[in-house]
Each structure stands twice: as structure tokens, then as C-alpha cells.
Amino acid sequence: RAYYFSMENRDNSGFWYGFNITAVIRIGFFLCFIPFTQALLNFAQTVDIGMVQTSTSTFAVALVNKGAVPLNALEFEVAFNPNEFLVTDIVPEDTLCEERFIISKNIQNASGTANFACGTVTPFTGTEGTFAVVYGHMLKTGTTSITFGTSTQVLAHDGLGTNATRNLSNLLFTNR
């Protein structure tokens with residue numbers, strides 16, 4: 001009896017075989033890596049920035065850092081109606097701002113904007129804090145809206161300048 005085996009002899013050492021195996025591995029890696037990267041970025045964005053009225057002439061710019069992400073710089077821009085409110089000064093707190101790292105403090109009452117930026121060498125790792133107090137005057141009785149501008153952000157102390165800002169809470173300032 002003769003047995004015939006019909007086995008095809010495959011050469012698994014060719015260029016296209018190696019290329020296809022590498023492509024499948026890389027596609028699988030990237031399909032897993034993209035959601036992981038997005039989750040990491042969402043995890044890093046855990047800081048909420050808000051404004052809280054502290055008196056008839058001041059409001060505080062504060063943060064809540066639920067993830068205790070180390071932070072080292074912040075910038076905020078507020079917009080207000082210049083016919084209703086006047087900003088006189090922005091005073092930083094020691095929470096996240098070192099006096100030697102006050103980057104900018106610019107008040108433009110004519111256009112109704114105020115910008116402030118600062119940083120620190122020692123990262124802030126607390127879960128909440130006030131980093132600046134804004135002094136101003138209501139020009140008439142009632143309420144006015146004070147909103148954050150697009151440049152408002154707090155940066156993580158990761159060496160990359162990662163924006164850790166999750167939410168911004170605007171303020172309805174009241175003077176009666």
C-alpha cells in the first residue's frame with residue numbers, strides 16, 4: 001500500500017509573512033492603546049475651577065482637585081460687562097502661586113476682561129484651594145455675569161504642560 005500525503009510546504013520566513021504578522025500585532029496594540037490613552041487623559045482632567053463671591057466687592061477664584069493631581073501653573077481669564085462691573089486688582093494666594101512666578105496680571109476694564117497667570121516650583125497636591133482674589137466694584141445695584149474665558153486652565157506637574165481642567169463654573173455677582 002502506498003500512502004500519499006498531500007502536504008503543502010509553506011515557507012514562513014518570507015517578507016510578506018513577517019510584514020502581515022507585524023501589522024496584525026501593531027493594529028491590536030493601537031486598538032488597545034487608544035482607549036487607554038483617552039482614559040489617562042480623562043483621569044488627568046480632574047480639576048474644577050470656579051468663582052465664589054466673598055463680599056460685595058470681591059470674588060475668589062478657587063479649584064477643586066478631587067484626584068489630588070500635582071499642579072504647577074494656572075491661567076484664568078474673566079470676562080464681565082464693563083458697564084456693570086469694574087476690576088481693581090487681582091491678588092494671588094499661596095495655594096498655587098509663588099510671588100516670583102507671577103507670569104501675567106492684566107486688567108482691561110474698557111473691554112471687560114482680566115487675565116492672570118502664575119506658577120510654582122513646588123507642585124500643589126491638595127484637593128481644594130483658593131488661588132486668587134479679584135477685587136472690584138459693581139457700578140450699579142443688581143447682578144452681573146462674570147464668565148471664564150477660553151484661556152482658563154490649570155496645568156499638571158507632569159513635565160508636559162497637560163491641561164488638568166475638567167469644568168469651569170462662572171459667577172453671577174450680586175450687589176444689593
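In the predicted model, Thr143 has a relative accessibility of 40% and therefore counts as partly exposed, since this value lies between the limit of under 20% for buried residues and that of over 50% for exposed ones. Thr143 belongs to strand β8, which spans residues 142-148. Apart from residues up to four places away in sequence, Thr143 touches Glu84, Met138, Leu172, Phe173 and Thr174. The C-alpha atoms of Thr143 and Phe85 are 9.5 Å apart in space, although the two residues are separated by 58 residues in sequence.

Aromatic pairs were then examined, and a search of the whole structure finds 6 of them. One of these is formed by Phe76 and Phe131, whose rings are 6.1 Å apart from centre to centre, with 50° between the planes, an arrangement described as tilted. This pair links distant parts of the chain, as Phe76 lies in strand β3 (residues 71-79) and Phe131 in strand β7 (residues 128-138), 55 residues apart. Phe76 counts as buried, with a relative accessibility of 0%, and Phe131 likewise counts as buried, at 1%. In the pair of Phe80 and Phe85, the ring centres are 5.8 Å apart and the planes meet at 75°, so this pair is edge-to-face. Both Phe80 and Phe85 are buried, and together with Phe59 and Phe173 they form one aromatic cluster.

Aromatic residues also occur at the surface, where Phe15, Trp16 and Phe19 make a nonpolar patch of about 410 Å². Within this patch, Trp16 is exposed, with a relative accessible area of 58%, and its place is in helix α1, which comprises residues 15-44.

Key
Residues numbered from 1 in each chain as written. Predicted model: local features only at pLDDT ≥ 70, side-chain atom pairs only at ≥ 80, totals over all residues. Heavy atoms only, no water. Patch = residues over 30% accessible without salt bridge, like charges linked within 9 Å, V, L, I, M, F, W, Y side chains within 5 Å. Areas by Shrake-Rupley, 256 points an atom, 1.4 Å probe, with all protein chains shown as cover. Salt bridge = Lys/Arg side-chain N within 4 Å of Asp/Glu carboxyl O. Helix = DSSP H or I, 4+ residues; strand = E, 2+ residues; numbered from the N terminus. Buried < 20%, exposed > 50% of the residue type's maximum accessible area, 1.4 Å probe, protein only. Contact = heavy atoms within 4.5 Å. Phe/Tyr/Trp six-rings, centres within 6.5 Å; stacked < 30°, edge-to-face > 60°.
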